[in-house]
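Let's go through a protein model together, one feature at a time. The learner asks, and the teacher points at the places to look.

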Amino acid sequence: MSASPLETMHGKAIPSPTVSPSRLKAAWFQNDPLADGLDFGLATDRRTLEQAFRLQHDQYVAYGYMDAHPSGWRLSLHNALSATRVFVARCGGRVVGTMTLIADSPLGLPMDEIYTDELRRLRNGRGNLAEVSALAVDPEYQSSGVPILLRLIRMLVIYAAQTVSDLCITVNPHHADFYRKAFHFQDIGGLKQYGKVNGAPAIALRLDLGLARSLMRELRDGHRMISKVYEFLFHPATVETVMTRLGDDLRRGVPLEERVEHFLSRHEAWTQASDADRAYILAGCDPSTGQRLRTPAPDRSNPRRPRELPGLAMA
């Protein structure tokens, strides 16, 4: 009998971690008409990606996590990786919430900047890592900010649980308890100043995705949960709906070549990248794209700044 992809990693059985009740408040996830009326999925076109990057930028600027950029977007070289996924919550055609999943690669993870040793220990002992990054919610939807965030994380975790062993994140210390209570994230790195967010304080957390796989398996097999939160997050019908939606979205994604040329070709994240990093990314692109981008020149113009969309940033 073949094993479910939710139960295995690289063909080996994943032991189920100990499951304890989530301390998440029911009011944070149940019966939120605003959050339930949004469309959750992947950014599958250039316009949606532009809105997501702009929302991230505006909220990071508003909270002092970055200086304003002429493009009006928050970007890193990791946005050029083929495995990077941008999750969005939309009201009509407007992005009102977003977060990004970055898979580990030869470029490392963004948090390697200050947590290299901690991540090395995880890589040596666990396997595939990924990082949650670039969380932002439009302030007009802040009254439902936590429900929106929970639904985004739910979709991201269900997706990541297919192939990833550990989900890592850096957060402001004030926000760490939310992740510990809601999803059982555990501390892996102490308080540090994080240059990527203008030196703001950060701590590193990780989620053993064996827990998510275990909960999905238990619910699929009809077992009762010790917390209603787990049913909200991982009910079989929810998992099926999420995976169907993500499968459809992945077939309609923006080609890597288009992402690199449109968003990064004149951005310092690309122009200041090492030759090795650019070569790694271009290896996944059409050869003609690589020819155009192999020797980039910095853009010294001052392009018109896109319209800003205010939002809530979480480091």
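What follows is a short tutorial dialogue about the model shown above.

Q: Before we start, what kind of model is this?

A: It's a predicted model. Keep that in mind as you look around.

Q: How many helices and strands does the chain have?

A: Begin with the overall layout. The chain holds 12 helices alongside 10 strands.

Q: What share of the residues counts as buried?

A: Buried here means under 20% relative accessible area. By that cut-off, 54% of the 315 residues in the chain are buried. As for the outside, the accessible surface is about 14400 Å², and carbon and sulfur atoms account for 50% of it.

Q: How do I read contacts between residues that sit apart in sequence?

A: Take contacts between residues at least 6 apart in sequence, then ask how many of those join residues at least 24 apart. In this chain the figure is 76%.

Q: Which residues touch the most other members of the largest nonpolar core?

A: A nonpolar core is a set of buried nonpolar-type residues joined through side-chain atoms, with Tyr and Cys on the list too. The largest one here has 72 residues, and the members touching the most others are Phe-87, Met-99, Met-111, Ile-148, Leu-167, Tyr-179 and Phe-234. Helix 4 supplies the largest share of this core, with 11 residues. Apart from that core lies another one of 26 residues, including Leu-107, Leu-256, Leu-264 and Cys-285.

Q: Can we zoom in on one of those core residues?

A: Sure, try Leu-167. Skip its neighbours within four places in sequence, and its contacts include Leu-101, Val-132, Leu-156, Phe-185 and Leu-209. Arg-206 is also one of its contacts.

Q: Where is Leu-152 found, and what is it in contact with?

A: Leu-152 is in helix 4. Its relative accessible area is 1%, so Leu-152 counts as buried. Leaving out neighbours within four places in sequence, Leu-152 is in contact with Phe-40, Phe-87, Val-88, Ala-89, Gly-97, Thr-98 and Met-99. Pick Phe-87 from that list: Leu-152 and Phe-87 are 65 residues apart along the chain, while their C-alpha atoms are separated by 6.9 Å.

Q: Is Arg-151 buried or exposed?

A: Check the accessibility rather than guessing from the residue type. Arg-151, which sits in helix 4 (residues 145-160), has 4% relative accessibility, so Arg-151 counts as buried. Its side chain reaches the backbone oxygen of Pro-147 at 2.9 Å.

Q: How do I read a pair of aromatic rings?

A: Look at the distance between ring centres and the angle between the planes; an angle over 60 degrees counts as edge-to-face. There are 7 aromatic pairs here. One of them, Phe-178 with Tyr-179, is edge-to-face, at 5.2 Å centre to centre and 85° between the planes. Phe-178 has a relative accessible area of 12%, so it is buried, and Tyr-179 is buried too, at 2%. Elsewhere, Phe-53, Trp-73 and Phe-263 make up one aromatic cluster.

Q: Which residue lies over the face of Phe-232?

A: That's Arg-154, at 4.4 Å from the ring centre.

Q: Where do I find positive phi values in residues other than glycine?

A: Go to Ala-134 and Asn-198. Phi of Ala-134 is near 55°, and phi of Asn-198 is also near 55°. Their settings are worth looking at in turn. Ala-134 is in strand 6 (residues 129-137) and is buried, with a relative accessible area of 9%. Asn-198 lies in the loop between strand 8 (186-194) and strand 9 (200-208), and counts as partly exposed at 43% relative accessibility.

Q: What does the side chain of Glu-140 make a polar contact with?

A: Glu-140 is in the loop between strand 6 and helix 4, and at 58% relative accessibility it counts as exposed. Its side chain makes a polar contact with the side chain of Arg-94, at 3.3 Å.

Q: And what about Arg-252?

A: Look in the loop between helix 8 (236-250) and helix 9 (256-264). Arg-252 is partly exposed, at 47% relative accessibility. Its side chain makes a polar contact with the side chain of Asp-249, at 2.8 Å.

Notes:
Residues are numbered from 1 along each chain as its sequence is written. This is a predicted model: local features need pLDDT of at least 70, side-chain atom pairs count only at pLDDT 80 or more; totals for chains, interfaces and linings use all residues. Side-chain values use heavy atoms; hydrogens and water are left out. Helices (H or I, at least four residues) and strands (E, at least two) are DSSP runs, numbered from the N terminus. Buried means under 20% relative accessible area, exposed over 50%, partly exposed in between (1.4 Å probe, protein chains only). A polar contact is a pair of N or O atoms within 3.5 Å; within protein, one must be able to donate a hydrogen and the other to accept it, and residues adjacent in sequence count only if both atoms are side-chain atoms. A nonpolar core is a set of buried Ala, Val, Leu, Ile, Met, Phe, Trp, Tyr and Cys residues joined through side-chain atoms within 4.5 Å. Contact means heavy atoms within 4.5 Å. Rings of Phe, Tyr and Trp (its six-membered ring) pair if their centres lie within 6.5 Å; planes under 30 degrees apart count as stacked, over 60 as edge-to-face and the rest as tilted. A charge sits over a ring if NZ of Lys or CZ of Arg is within 6 Å of the ring centre and within 35 degrees of the ring normal. Accessible areas come from the Shrake-Rupley method with a 1.4 Å probe; for residues, only the protein chains shown count as cover.
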